[in-house]
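Dear colleague,

I am passing on the structure we spoke about, together with some notes on what turned up in it. Please look through the sequence and the model before reading on.

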Amino acid sequence: SNIDYPTRPYDVAGLVRRYVAPAIARCPRTAPIHVVTHSLGGILIRAYLQDHRLPAASRLVMLAPPNQGSEVADHVRSWRLYRSWMGQVGQQLGTGSDAIARQLNRVDAEIGIIAASRSLQPWFSRLLPGDDDGAVSVASTRLPEMRDFIVVDTSHSLIMFNRHVRFQVRHFLAHGHFRRS
(Lines give C-alpha, C1' and ligand atoms only; values in the text may rest on other atoms or scores of the structure.)
Protein backbone atom coordinates (compact mmCIF):
# COMPACT_ATOMS: atom_id res chain seq x y z
CA SER A 1 0.00 0.00 0.00
CA ASN A 2 1.08 3.58 -0.55
CA ILE A 3 1.25 5.80 2.53
CA ASP A 4 0.70 9.51 2.12
CA TYR A 5 1.29 11.79 5.08
CA PRO A 6 1.15 15.50 5.84
CA THR A 7 4.48 17.04 6.81
CA ARG A 8 3.20 20.21 8.48
CA PRO A 9 1.59 19.07 11.73
CA TYR A 10 4.13 16.49 12.96
CA ASP A 11 7.79 15.88 13.65
CA VAL A 12 9.48 12.61 12.60
CA ALA A 13 8.34 10.75 15.73
CA GLY A 14 4.74 11.90 15.17
CA LEU A 15 4.77 10.81 11.52
CA VAL A 16 6.16 7.40 12.46
CA ARG A 17 3.57 6.94 15.20
CA ARG A 18 0.58 8.12 13.14
CA TYR A 19 1.43 6.73 9.68
CA VAL A 20 4.38 4.32 9.46
CA ALA A 21 3.71 2.13 12.50
CA PRO A 22 0.00 1.57 11.71
CA ALA A 23 0.77 0.76 8.05
CA ILE A 24 3.35 -1.85 9.01
CA ALA A 25 1.06 -3.22 11.74
CA ARG A 26 -1.54 -3.97 9.04
CA CYS A 27 0.94 -6.27 7.25
CA PRO A 28 0.96 -9.98 8.09
CA ARG A 29 4.05 -10.84 10.14
CA THR A 30 4.25 -14.34 8.61
CA ALA A 31 6.04 -13.12 5.48
CA PRO A 32 8.70 -10.53 4.62
CA ILE A 33 7.59 -6.91 4.56
CA HIS A 34 9.25 -4.97 1.74
CA VAL A 35 9.32 -1.19 2.06
CA VAL A 36 10.08 1.33 -0.68
CA THR A 37 10.53 4.94 0.40
CA HIS A 38 11.06 8.27 -1.29
CA SER A 39 13.05 11.12 0.27
CA LEU A 40 11.79 11.82 3.81
CA GLY A 41 10.19 8.36 3.83
CA GLY A 42 13.69 6.91 4.20
CA ILE A 43 14.19 8.85 7.43
CA LEU A 44 10.76 7.77 8.67
CA ILE A 45 11.43 4.04 8.16
CA ARG A 46 14.86 4.38 9.77
CA ALA A 47 13.19 6.08 12.76
CA TYR A 48 10.62 3.26 12.93
CA LEU A 49 13.39 0.64 12.83
CA GLN A 50 15.11 2.18 15.85
CA ASP A 51 12.58 0.37 18.06
CA HIS A 52 11.07 -2.26 15.74
CA ARG A 53 12.19 -5.05 13.46
CA LEU A 54 10.77 -6.25 10.18
CA PRO A 55 10.23 -10.00 9.65
CA ALA A 56 13.13 -12.09 8.33
CA ALA A 57 13.96 -11.63 4.62
CA SER A 58 12.30 -8.18 4.52
CA ARG A 59 13.99 -5.64 2.27
CA LEU A 60 14.03 -1.87 2.05
CA VAL A 61 14.70 0.33 -0.99
CA MET A 62 15.22 4.05 -0.43
CA LEU A 63 14.82 6.47 -3.33
CA ALA A 64 16.80 9.73 -2.92
CA PRO A 65 16.81 9.68 0.89
CA PRO A 66 18.49 12.48 2.88
CA ASN A 67 20.24 9.89 5.07
CA GLN A 68 22.97 12.31 6.16
CA GLY A 69 20.55 15.22 6.40
CA SER A 70 19.60 17.88 3.89
CA GLU A 71 21.99 20.68 3.06
CA VAL A 72 19.07 22.50 1.43
CA ALA A 73 17.16 22.37 4.72
CA ASP A 74 20.17 23.96 6.44
CA HIS A 75 19.83 26.98 4.15
CA VAL A 76 16.04 27.35 4.00
CA ARG A 77 14.90 26.28 7.46
CA SER A 78 14.39 29.91 8.52
CA TRP A 79 12.34 30.82 5.44
CA ARG A 80 8.68 31.39 6.29
CA LEU A 81 7.46 29.53 3.17
CA TYR A 82 9.60 26.48 4.01
CA ARG A 83 8.44 26.46 7.64
CA SER A 84 4.83 26.71 6.47
CA TRP A 85 5.23 23.95 3.87
CA MET A 86 7.40 21.49 5.85
CA GLY A 87 6.34 22.28 9.41
CA GLN A 88 8.10 20.65 12.36
CA VAL A 89 9.68 17.88 10.34
CA GLY A 90 11.39 20.42 8.08
CA GLN A 91 13.29 21.76 11.08
CA GLN A 92 14.66 18.25 11.74
CA LEU A 93 16.05 17.64 8.25
CA GLY A 94 19.31 19.59 8.36
CA THR A 95 22.85 18.24 8.63
CA GLY A 96 23.81 19.64 12.03
CA SER A 97 24.26 17.70 15.26
CA ASP A 98 20.59 18.34 16.14
CA ALA A 99 19.35 16.85 12.84
CA ILE A 100 17.27 13.68 12.98
CA ALA A 101 19.56 11.92 10.49
CA ARG A 102 22.46 12.31 12.94
CA GLN A 103 20.42 10.93 15.85
CA LEU A 104 19.40 7.68 14.16
CA ASN A 105 21.43 4.53 14.77
CA ARG A 106 22.26 1.90 12.16
CA VAL A 107 19.31 -0.30 11.28
CA ASP A 108 19.28 -4.04 10.88
CA ALA A 109 17.69 -4.43 7.45
CA GLU A 110 18.67 -5.31 3.89
CA ILE A 111 18.84 -1.82 2.38
CA GLY A 112 19.28 -0.77 -1.24
CA ILE A 113 19.63 2.93 -2.02
CA ILE A 114 18.97 4.59 -5.37
CA ALA A 115 20.27 8.15 -5.67
CA ALA A 116 19.29 10.56 -8.44
CA SER A 117 21.81 12.77 -10.24
CA ARG A 118 19.77 15.16 -12.41
CA SER A 119 18.65 18.46 -10.97
CA LEU A 120 15.54 20.32 -12.04
CA GLN A 121 16.29 22.90 -9.33
CA PRO A 122 19.57 24.64 -10.20
CA TRP A 123 19.13 27.23 -7.45
CA PHE A 124 19.24 24.44 -4.82
CA SER A 125 21.99 22.50 -6.63
CA ARG A 126 24.37 25.34 -5.84
CA LEU A 127 23.85 24.57 -2.14
CA LEU A 128 24.71 20.89 -2.53
CA PRO A 129 28.22 19.43 -2.66
CA GLY A 130 29.11 17.21 -5.64
CA ASP A 131 26.54 15.40 -7.73
CA ASP A 132 22.94 15.99 -6.67
CA ASP A 133 19.30 15.76 -7.68
CA GLY A 134 18.41 19.34 -6.77
CA ALA A 135 17.22 18.36 -3.29
CA VAL A 136 19.75 15.83 -1.94
CA SER A 137 23.44 15.32 -2.69
CA VAL A 138 24.29 11.84 -3.95
CA ALA A 139 26.83 11.45 -1.14
CA SER A 140 24.23 12.25 1.54
CA THR A 141 21.95 9.40 0.45
CA ARG A 142 24.40 6.69 1.54
CA LEU A 143 24.33 4.61 4.72
CA PRO A 144 27.19 2.48 6.08
CA GLU A 145 24.85 -0.50 6.49
CA MET A 146 23.41 -0.38 2.95
CA ARG A 147 23.71 -3.60 0.99
CA ASP A 148 23.75 -1.98 -2.46
CA PHE A 149 23.77 1.48 -4.03
CA ILE A 150 23.24 2.89 -7.51
CA VAL A 151 22.94 6.35 -9.05
CA VAL A 152 20.35 6.93 -11.77
CA ASP A 153 20.11 9.85 -14.20
CA THR A 154 16.77 11.23 -13.04
CA SER A 155 15.57 13.95 -10.69
CA HIS A 156 14.49 13.90 -7.05
CA SER A 157 10.85 14.56 -7.82
CA LEU A 158 10.57 12.12 -10.72
CA ILE A 159 12.71 9.21 -9.49
CA MET A 160 9.73 7.03 -8.57
CA PHE A 161 8.30 7.31 -12.09
CA ASN A 162 11.51 6.29 -13.90
CA ARG A 163 11.22 2.87 -15.62
CA HIS A 164 14.81 1.90 -14.87
CA VAL A 165 14.35 2.80 -11.19
CA ARG A 166 11.17 0.71 -11.01
CA PHE A 167 13.02 -2.23 -12.57
CA GLN A 168 15.87 -1.84 -10.06
CA VAL A 169 13.44 -1.65 -7.11
CA ARG A 170 11.78 -4.91 -8.18
CA HIS A 171 15.18 -6.54 -8.73
CA PHE A 172 16.46 -5.54 -5.28
CA LEU A 173 13.29 -6.73 -3.56
CA ALA A 174 13.57 -10.09 -5.33
CA HIS A 175 17.35 -10.64 -5.12
CA GLY A 176 18.82 -8.33 -2.45
CA HIS A 177 20.99 -6.41 -4.92
CA PHE A 178 20.61 -4.15 -7.92
CA ARG A 179 21.23 -5.42 -11.43
CA ARG A 180 24.41 -4.27 -13.09
CA SER A 181 24.52 -4.30 -16.89
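The expected span of a helix is 1.5 Å times one less than its number of residues, and that is the yardstick used for helix 1 below. Please keep in mind that this is a predicted model. Helix 1, residues 12-25, has 14 residues and reaches 18 Å from its first C-alpha to its last, which is close to the 20 Å expected. The same helix bends by about 30 degrees at Arg-18, and a proline, Pro-22, follows within four residues.

At the N-terminal end of helix 1, Asp-11 acts as the cap, with a side-chain oxygen 3.3 Å from the backbone nitrogen of Ala-13. The buried residues of helix 1 are Val-12, Gly-14, Leu-15, Val-16, Val-20, Ala-23 and Ile-24, and these buried residues pack against helix 2 (40-48), helix 4 (80-91) and helix 5 (100-103).

Turning to the whole protein chain, there are seven helices and four strands, which follow the pattern α-β-α-β-α-α-α-β-α-β-α when read along the sequence. The radius of gyration is 16 Å, close to the 16 Å that the globule rule gives for 181 residues, so the protein chain is as compact as a globular protein of that length. Of those 181 residues, 51% count as buried, and among contacts between residues at least 6 apart in sequence, 68% join residues at least 24 apart. The protein chain exposes about 9600 Å², of which carbon and sulfur atoms supply 52%.

With best wishes

Methods
Residues are numbered from 1 along each chain as its sequence is written. This is a predicted model: local features need pLDDT of at least 70, side-chain atom pairs count only at pLDDT 80 or more; totals for chains, interfaces and linings use all residues. Side-chain values use heavy atoms; hydrogens and water are left out. Helices (H or I, at least four residues) and strands (E, at least two) are DSSP runs, numbered from the N terminus. The bend at a residue is the angle between axes fitted to the seven residues ending there and the seven starting there. Buried means under 20% relative accessible area, exposed over 50%, partly exposed in between (1.4 Å probe, protein chains only). Contact means heavy atoms within 4.5 Å. A polar contact is a pair of N or O atoms within 3.5 Å; within protein, one must be able to donate a hydrogen and the other to accept it, and residues adjacent in sequence count only if both atoms are side-chain atoms. The radius of gyration is taken over C-alpha atoms; the globule rule is 2.2 Å times the number of residues to the power 0.38. Accessible areas come from the Shrake-Rupley method with a 1.4 Å probe; for residues, only the protein chains shown count as cover.
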